[in-house]
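I opened this one with a blank page and wrote down what I looked up, entry by entry.

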Amino acid sequence: MESKIMAILNPLSHAFGVDIGDRSFKLTQLIRRHNGYQLLAWGSIDVPEGVLDRGEIIDQEKAAALLAELVKSARGRLRGRAVVACLPEAKTFVKIIEIAKETTDDGLRRAVLTEIEQNIPLPQDEIYYDWQVLPDIRPKKPAERAATSAAAAEEKKDEESETAAKGEPGADEKPAAEPGAEEEAGPEPSTPSRPMTRVLLGAAPKSLVDSYTSMLEKAGLAPIALEIEAMAISRAIVPHDTAPEEAVGLLDIGATRSSLVIFDGGSVQMSISIPISGIEITRTVSSLLNVSMEDAEVLKRECGLDADRCEDKMWKILLPLIDDMTAKIRNALRFYRIGFPQGKKIEKLYLCGGGALFKEIDTVLSRKLTIKVRRGNPLINLTKKMPKAFRDEQPLTYATAIGLGLDATDENRQYRRSF
Ligand SMILES: Nc1ncnc2c1ncn2[C@@H]1O[C@H](COP(=O)(O)OP(=O)(O)OP(=O)(O)O)[C@@H](O)[C@H]1O
Ligand SMILES: [Mg+2]
């Protein structure tokens with residue numbers, strides 16, 4: 001009984017998830033029932049230009065006011081004021097590192113700090129970081145690794161000639177490993193005989209975390225954790241019962257940013273920014289067809305990438321953008337396979353974010369990448385029972401918010417601060 005009263009009085013109970021994007025804020029609140037997680041509340045509010053820019057808060061007051069409005073206008077039964085929010089992919093760092101199994105806590109801390117020093121161009125006292133030791137997964141056998149390297153060398157040869165022919169970005173493009181930058185090289189493969197522990201490391205600039213915290217507090221909210229977006233996306237999209245040996249890619253196509261997440265061995269392995277966004281697609285349509293942004297948005301949604309619609313106009317206009325996106329994804333998938341000690345071939349890619357609603361994007365990417373590309377289902381890890389009014393919403397645009405909401409539910413049980 002006492003704990004129930006404490007839960008009612010405790011301002012940090014009933015936490016919810018808040019997705020902070022450049023052009024929209026979204027929230028979800030879930031509750032754990034005996035048969036799984038159930039959606040209790042949700043909401044979304046558009047954010048005008050000039051409030052956030054590439055994840056950085058430009059106008060604190062306006063952002064806080066919009067957040068407060070989002071909370072006030074939430075649908076369903078929203079309770080409490082404790083929140084788990086996300087940090088932008090491009091400004092954060094996430095990486096799996098491997099250290100010798102017998103390493104002490106102190107040794108682990110030193111390994112984490114060395115990794116940060118090597119990958120993030122900011123002094124250590126300007127960074128918040130957090131890490132988590134991951135469960136063991138079966139390492140690649142030397143024979144598999146040799147086969148992978150041979151296949152990779154073959155692939156590289158093929159791509160180089162393809163790249164030279166098309167004048168596309170080269171095979172040396174690497175996923176981002178530090179805020180806003182691209183990684184120079186992959187981690188060294190571990191010696192197969194030595195028992196290793198995998199550690200998931202997350203880091204973010206203090207200035208970014210502090211500005212998010214202060215914005216949330218200004219909105220009357222109590223941030224209990226800030227999470228890297230890749231974690232939230234994977235929590236929502238990857239089915240809970242996925243086998244640890246399964247490796248999948250997750251592509252979130254948002255209004256202003258897109259990111260590719262590699263999920264393997266039960267955790268996020270890497271995430272990178274992909275230079276395409278919903279607004280950029282609309283802008284391209286608007287300028288090439290000489291129509292307003294509003295009309296371009298309508299055309300984009302109506303025609304999609306379906307070559308049979310709109311006299312294949314849209315298809316032709318958007319092909320260079322899609323080719324560029326495909327090249328970036330292909331390079332990242334190959335980089336993962338070759339550069340990571342446990343790297344596998346990614347056979348399946350799940351799409352989410354509003355851009356995943358683009359007609360035929362799944363088919364087009366499937367054909368170009370020659371892997372299975374499917375729209376993800378952000379409700380996959382929730383109970384089937386949904387509030388009726390949620391039927392009017394597009395769950396794909398709620399992927400990040402649902403992932404954060406799921407984390408917030410667990411957060412109810414224990415106060416934690418990631419950064
Ligand atoms: N049917 C559709 N076809 C194509 N694009 C669509 C469709 N519906 C929505 N979109 C696009 O989805 C984008 C919005 O997606 P989403 O809600 O995931 O973005 P966001 O989370 O607000 O942005 P970000 O993650 O960049 O901060 C818009 O650019 C919109 O044009
Ligand atoms: Mg988004």
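**Entry 1: strand 12 and its partners**

I began with strand 12, which is joined to strand 15 (residues 348–352) by five bridges, the two running parallel. I should say at once that this is a predicted model.

I picked out two of the pairs. Val248 has Lys348 as its bridge partner in strand 15, and Leu250 has Tyr350 there.

Then I looked at strand 13 (residues 258–264). Six bridges tie it to strand 12, and here the two run antiparallel. Leu250 turns up again, standing opposite Val261 in strand 13. The connection from strand 12 to strand 13 is a hairpin of four residues.

**Entry 2: is strand 12 covered?**

How many of the residues of strand 12 are buried? I got six of six for residues 248–253, so I noted the strand as mostly covered, taking 20 or more other C-beta atoms within 10 Å as the mark of a buried residue.

I also wanted the two faces. Side chains in a regular strand alternate between the two faces of the sheet. On one side I listed Val248, Leu250 and Asp252, and on the other Gly249, Leu251 and Ile253; they are all buried, and both faces of strand 12 are covered.

**Entry 3: strand 15 and onward**

Strand 15 is mostly covered too, with four of its five residues buried. Besides strand 12, I found it paired with strand 16 (residues 372–375): four bridges, running parallel. Leu351 stands opposite Arg375 in strand 16.

Between these two strands I traced helix 10 (residues 361–369). Strand 15, helix 10 and strand 16 make a β-α-β unit, and it is right-handed.

**Entry 4: the loops of that unit**

I stopped at three residues in the loops.

Gly353 sits in the loop between strand 15 and helix 10. Is Gly353 buried or exposed? I count it as buried because it has 28 C-beta neighbours inside 10 Å. Leaving aside neighbours within four places in sequence, Gly353 is in contact with Asp252, Ile253 and Gly254, and also with Leu396, Thr397 and Ala399. I noted the gap to Thr397 separately: 44 residues apart in sequence, yet 4.4 Å apart in space, C-alpha to C-alpha.

Glu360 lies in that loop between strand 15 and helix 10 as well. Its phi is near 70°, a positive value in a residue other than glycine. Glu360 counts as partly exposed because it has 17 C-beta neighbours inside 10 Å.

Thr370 belongs to the loop between helix 10 and strand 16. Here, too, I found a positive phi, about 50°, although Thr370 is not a glycine. With 10 other C-beta atoms within 10 Å, Thr370 is exposed.

**Entry 5: around ligand 1**

Next I turned to the ligand. Which residues come nearest to ligand 1? Out of the 21 around it, I wrote down Gly21, Ser24, Gly254, Gly278 and Gly354. Gly254 was already in my notes, as one of the contacts of Gly353.

I sorted the shell by kind of residue: four are nonpolar, eleven polar and six charged. Two helices I noted here are helix 7 (278–289) and helix 8 (293–303), each of which supplies at least two residues of the shell.

**Entry 6: the nonpolar core**

In soluble globular proteins, nonpolar side chains tend to be buried together. I looked up the largest nonpolar core here and found 100 residues in it, with Val83 and Ala85 touching the most other members. Helix 9 (residues 313–339) gives the largest share of this core, eight residues.

I followed Ala85 a little further. Beyond its neighbours within four places in sequence, Ala85 is in contact with Val18, Ile20, Tyr212, Leu216, Pro223, Leu226 and Leu404.

**Entry 7: the whole protein**

Last, I stepped back for the totals. I have eleven helices and 16 strands for the protein. Of its 419 residues, 40% count as buried. Among contacts with a separation of 6 or more, 73% are between residues 24 or more positions apart. The contact of Gly353 with Thr397 that I wrote down earlier joins residues 44 apart in sequence.

Notes: Residues numbered from 1 in each chain as written. Chains lettered and ligands numbered in written order. Predicted model: local features only at pLDDT ≥ 70, side-chain atom pairs only at ≥ 80, totals over all residues. Near = placed C-beta within 6 Å. Nonpolar A, V, L, I, M, F, W, Y, C, P; charged D, E, K, R; others polar. Buried ≥ 20, exposed ≤ 12 C-beta atoms within 10 Å, placed from the backbone. Pairing = 2+ DSSP bridges. Right-handed = clockwise from strand over helix to strand, strands pointing away. Core = buried A, V, L, I, M, F, W, Y, C linked by C-beta atoms within 7 Å. Contact = placed C-beta atoms within 7 Å.
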